[in-house]
Amino acid sequence: GHGPGHGAGHGPGHMAPGPGHQGRGPGGQNPHIRYGVQVKIRHNNTGKKLHSHGHNYPEGSRQQQVTGLDSPNNEEDWWVFKPPHGQGEHSLDGQPVKSGATVRLQHCGSQKNLHSHNTALYCNPGQHEVTCYQANADGDSNDNWRVECTGANLNPSDQFRLIHQGSDHALHSHSIDYPFGQQQVTCFGGRDDNDLWQVCEERGGGHGGVEGITQGIGHMGPGHHGPGPGHHGPGHHGPGQQGPPGQPYGA
């Protein structure tokens, strides 16, 4: 744990459905988080979303960076739950993600898998690197993570942990930035509240009755997702949204 969190964004979800989409609150037809459906994942303590992009760490493994980012409309924040390494890519599409399941988490923008290994993070050597590495089924068992939540299935309102299968370290973030300016995401050997994450947005992948759905998930239930800033429908995302001035890449 590295100091107090900076607010987890507990207000109503701010999103407006794009063309051809219908908004759906977390109490809808399919309340569980499902394989094959794109999700955004928010760090509970800091409110930053799990993010990756086409830039590599400058030291250590030099694999693709994974960060926490506070950006409402960034296409690089979308991930999808897949079966573990060695199982068919789409063999579980539409089924709920169960507590205790071993999963891969694939970054939609790069098609690479959330990954960790016994490599110390260059700027925080007491914790392990988290990277995106190898696309689709081309990775290895270090792409496997275990879902830990309180219910039988992972739901939008649940706080959950992702435990790296190979190391038993937890996916972790905290209010400390990388030298290049976005929030650190690490694998942490202990357990504390900075290991807690929540699915905060979802858009359907055409499986399990959720085709064409874009959903904002807040803490106030259905009906409170008014038209906020930005539209999460197709065609509203410009390429390569830039980070703050001085950063050597687009966020």
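How many bridges join β8 to β9, and do they run parallel or antiparallel? In this predicted model, the two strands run antiparallel, with four bridges between them. One pairing to look for is Trp-145, whose bridge partner in β9 is His-164.

Stay with β9 for a moment. This strand covers residues 161-164, and both of its faces are covered. Arg-161 and Ile-163 sit on one side, Leu-162 and His-164 on the other, and all of them are buried.

From here, Val-103 is a handy stepping stone. Its contacts include Trp-145 and Leu-162, along with Asp-143, Asn-144 and Val-147. Val-103 also touches Tyr-35, Phe-81, Lys-82, Pro-84 and Val-97.

That brings us to the largest nonpolar core, which has 31 residues. Val-103 is among the members that touch the most others, together with Ile-41, Leu-50, Phe-81 and Leu-171. Two or more residues each come from β1 (38-43), β4 (79-82), β5 (102-107), β6 (112-121), β7 (124-135), β8 (145-148), β11 (183-188) and β12 (197-203). In soluble globular proteins, nonpolar side chains tend to be buried together.

Now for a polar residue: is Ser-52 buried or exposed? Ser-52 belongs to strand β2, residues 49-56, and it counts as buried because its relative accessibility is 0%. A polar atom of the Ser-52 side chain lies 2.6 Å from the backbone oxygen of Gln-65. Gln-65 is also one of the residues that Ser-52 touches, as are Gln-64 and Val-66. Ser-52 has further contacts with Glu-76, Trp-79, His-107 and Cys-132.

Notes:
Residues are numbered from 1 along each chain as its sequence is written. This is a predicted model: local features need pLDDT of at least 70, side-chain atom pairs count only at pLDDT 80 or more; totals for chains, interfaces and linings use all residues. Side-chain values use heavy atoms; hydrogens and water are left out. A nonpolar core is a set of buried Ala, Val, Leu, Ile, Met, Phe, Trp, Tyr and Cys residues joined through side-chain atoms within 4.5 Å. Buried means under 20% relative accessible area, exposed over 50%, partly exposed in between (1.4 Å probe, protein chains only). Contact means heavy atoms within 4.5 Å. Two strands pair if DSSP finds at least two bridges between them. A polar contact is a pair of N or O atoms within 3.5 Å; within protein, one must be able to donate a hydrogen and the other to accept it, and residues adjacent in sequence count only if both atoms are side-chain atoms. Lists of a residue's contacts leave out its neighbours within four places in sequence.
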